[in-house]
Amino acid sequence: MKLLDLHPVTRGLAVWNSGAWRFGAEAMAACRVDPLATCWDVWEAMSLIPLAAKRDGVRHRADLAVRMLQAAGDAGKEPCVALVPAGWEKEEMRVFLGAAAAADIPVRWLSSRAGAVAARAALDGDTCSVLEWSWTRLQQVHFVRGEDGGWRQEGGRNLAEAGILACFRREALAVQDLALEEFRFDPLYSGRTEQGLFSGWWTALGEGKAWSVSTPDGGRMALSDERERFARLHTNVLADVTDAETVVAPAAFLRMLGWSRATAEPSPGAEVEVEDHDAPSARWREHLGPLSAGQGLRATHVVIDGVAEPWPGDAAPGERVTLPDGRTALAVHVRGHHGAA
């Protein structure tokens, strides 16, 4: 079955630029030009809370999520498994299901993105933790090995000062001091110069390239040699997060800190086989493994006007059902840990 990976970084950013909403690479290339025109936490704070500026008919983050899913070309008739961020609770999942239905995406199952990452990391031992790095926070999700050999989530914590924005800001201020001292140049002088600094920083971390910044006289200020110094800026907020084989984190995060022992986050993949929900051994887990496909799963909610509501009726996920008041709704399944059993 197709996987819909709700990556909190690449999918969680929306920028209002030149009279339209930009997502993905376009948003990354413009996110620091005008911070007030940027929504950083579309996935982190999935909700129906109104946005201050209702640009182009977008009322809240759920509307932005619909636009993102449509822009990414995720719509289709094939049912999918959505990998959701570690910080999502029941309400975020309900709102997301409504957004997915509005974008014509048949989400049939939900699963933990961190759990899928842990499952694919192929770690030894009985414990591990996955670091899910997003724009405004770092989620450390702890797992223990279950009797079936898979990972079971056992708690976690939220490090608000270790999100991408906070990490960039610490390093950017250090670069500002260096540039002012050596070149009498402020790379944070305007939104466009700050965007250039951010783009170079993010590319260096993500692709392992050298980091430098252009100076007004056409020169370049090399910054890669300062990586060890910059890494120390994050020591206090990451005091209890260690560089160990049992820690799984994005490659960009590992490069930022200069870690060499931790495991780089693998891709969750493109498809997965899902176990028959009615089989004696079947249950929802925090990870997705090589399971056998089945057709026994039953609906727990229906999506009405973009919002998922608990439903006691009998239908298979993906079916259209007629409610007692005559309205037509989409039946979906939310796993028992978060929704109706």
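Here are a few notes on one sheet in this model and on strand 7 within that sheet.

1. Ground rules. This is a predicted model, with local features needing pLDDT of at least 70 and side-chain atom pairs counted only at pLDDT 80 or more, while totals for chains, interfaces and linings use all residues. Residues are numbered from 1 along each chain as its sequence is written, and side-chain values use heavy atoms, with hydrogens and water left out.

2. The sheet. Five strands (DSSP E runs of at least two residues, numbered from the N terminus) make an open sheet in the order 9-8-7-12-13, with mixed pairing. Strand 9 (151-159) and strand 13 (263-264) sit at the edges with a single partner strand each, so one side of each has no neighbour in the sheet. To count as paired, two strands need at least two DSSP bridges between them.

3. Strand 7 and strand 8. Strand 7 runs antiparallel to strand 8 (residues 138-145), with 7 bridges between them. The two form a hairpin, with 4 residues in between. Look for Glu132 opposite Gln139 of strand 8.

4. Strand 7 and strand 12. Here the strands, residues 127-133 and residues 247-249, run parallel and share 2 bridges. Ser129 has Val247 of strand 12 as its bridge partner, and Val130 stands opposite Val248.

5. Is strand 7 mostly covered or uncovered? Mostly covered: 6 of its 7 residues are buried, meaning under 20% relative accessible area (over 50% is exposed, in between is partly exposed; 1.4 Å probe, protein chains only).
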